[in-house]
Amino acid sequence: MRSWLYVPDIRNVGSSEADALIVDLERAGEPAGVRSWIDAVARPAVWVRLPVGEPGRHAVRAVVSPALAGICVAAESANELAALGTVIAEAEEAVGLPVGRIAVVPRLETAAAVLQAAEIARAPRVARLQLAEGQLVRQLRVEPGEDERELLWARSMVVIAGAAAGIAPPIAASCPAGTECEPSAQVLRRLGFRGRTCLDDEQVRIANKVFANASTLA
């Protein structure tokens, strides 16, 4: 998938060309309302981004449905994902889904998460990894330049972890403010990413263009 569009408000979703939608549950409203929207929206790939901790586990029970493709969640270890997997399995059974049907994309937001990328990538249900560079940059006090080489090591670690685990290539972070999005996406493609998160339709257009010829590998 080339483009993953964040949806902060389910009331304002147009006819985007994004390959997938990610509904942010911390901003989109009550999980039950989000589930009703997902069931009605008739999109092939709708994901939800969970809040951390107990609120996220509680939300799982409310949002899991046959129309949900999967869950994005911050994680620093495979053990965290195993615990979440138990909650997801209960929710799947409650709505008549086979256990294991709902996929998980772990968000690597911290240095600890990046260092555990290989373990996290091998956890059950993990479809691919997502590198959350905004949070990581703040923790590391990194100041990326135009060529973004300061992020090379972390990005390569995530690509290698996913490849070693035999899962799909990772999702890159959205284009930072003040950055030329197309050259940035070209850098990511050369590093082995096959898509990125997007904040608006222009970023979706660029992601679809840059990663188009690579989509068969994703």
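Contact here means that heavy atoms lie within 4.5 Å. The exercises below concern a predicted model.

**Exercise 1. Describe the surroundings of Ile167, and decide whether Ile167 is buried or exposed.**

Step 1. Begin with the position in the chain: Ile167 belongs to the loop between H8 and H9.

Step 2. Next, consider the accessible area. The relative accessible area of Ile167 is 18%, and a residue counts as buried when this value is under 20%; Ile167 is therefore buried.

Step 3. List the neighbours, leaving aside residues up to four places away in sequence: Ile167 touches Ala121, Val126, Ala127, Arg128, Leu129 and Gly162.

Step 4. Finally, compare sequence with space for one pair: Val104 and Ile167 are separated by 63 residues in sequence, while their C-alpha atoms are 11 Å apart.

**Exercise 2. Work out how H8 and H9 are arranged, and which residues make the contact.**

Step 1. Two packed helices are described by the angle between their axes and by the distance between those axes. For helix H8 (residues 152-165) and helix H9 (residues 181-191), the axes come within 10 Å and cross at roughly 45 degrees.

Step 2. Angles under 35 degrees count as roughly parallel, and those from 65 to 115 as roughly perpendicular; H8 and H9 are therefore oblique to each other.

Step 3. The crossing in which H8 passes H9 is right-handed. On the H8 side the contact is made by Leu152, Arg155, Ser156 and Val159, and on the H9 side by Val187, Leu188 and Leu191.

Step 4. Sorted by class, the residues of this contact of H8 with H9 are five nonpolar, one polar and one charged.

**Exercise 3. Treat H3 with each of two partners, H2 and H4, and classify both angles.**

Step 1. The axes of helix H2 (residues 31-41) and helix H3 (residues 54-63) come within 8 Å and cross at roughly 40 degrees, and the two helices are therefore oblique to each other.

Step 2. H2 and H3 cross in a right-handed sense, with Pro31, Ala32 and Arg35 of H2 and Ala59, Ala62 and Val63 of H3 making the contact. The residues of the contact of H2 with H3 comprise five nonpolar, no polar and one charged.

Step 3. Turn to H3 and helix H4 (residues 78-94), which pack at an angle of about 20 degrees with their axes 8 Å apart; H3 and H4 are therefore roughly parallel to each other.

Step 4. The crossing of H3 and H4 is right-handed as well. Here Arg57, Val60 and Arg61 in H3 meet Leu84, Val87, Ile88, Glu90 and Ala91 in H4, and the contact of H3 with H4 has five nonpolar, no polar and three charged residues.

**Exercise 4. Place strand S1 in its sheet: how many of its residues are buried, and which strands does S1 join?**

Step 1. Strand S1 (residues 3-7) is mostly covered, since five of its five residues are buried.

Step 2. In a regular strand the side chains alternate between the two faces of the sheet. In S1, one side carries Ser3, Leu5 and Val7 and the other Trp4 and Tyr6, and with all of these buried both faces are covered.

Step 3. Now take the pairing. S1 runs parallel to strand S7 (residues 196-198), to which three bridges join it, and also runs parallel to strand S2 (residues 20-24), with four bridges between S1 and S2.

Step 4. Use Trp4 as a reference point: Trp4 stands opposite Thr197 in S7 and opposite Ala20 in S2.

Notes: Residues are numbered from 1 along each chain as its sequence is written. This is a predicted model: local features need pLDDT of at least 70, side-chain atom pairs count only at pLDDT 80 or more; totals for chains, interfaces and linings use all residues. Side-chain values use heavy atoms; hydrogens and water are left out. Axes are lines fitted to C-alpha atoms, for helices over the stretch in contact, and angles run from 0 to 180 degrees between N-to-C directions. Angles under 35 degrees count as roughly parallel, over 145 as roughly antiparallel, 65 to 115 as roughly perpendicular and the rest as oblique. A crossing is left-handed if the near helix is turned anticlockwise from the far one by less than a right angle, and right-handed if clockwise. Ala, Val, Leu, Ile, Met, Phe, Trp, Tyr, Cys and Pro count as nonpolar, Asp, Glu, Lys and Arg as charged, and the others, Gly among them, as polar. Buried means under 20% relative accessible area, exposed over 50%, partly exposed in between (1.4 Å probe, protein chains only). Two strands pair if DSSP finds at least two bridges between them.
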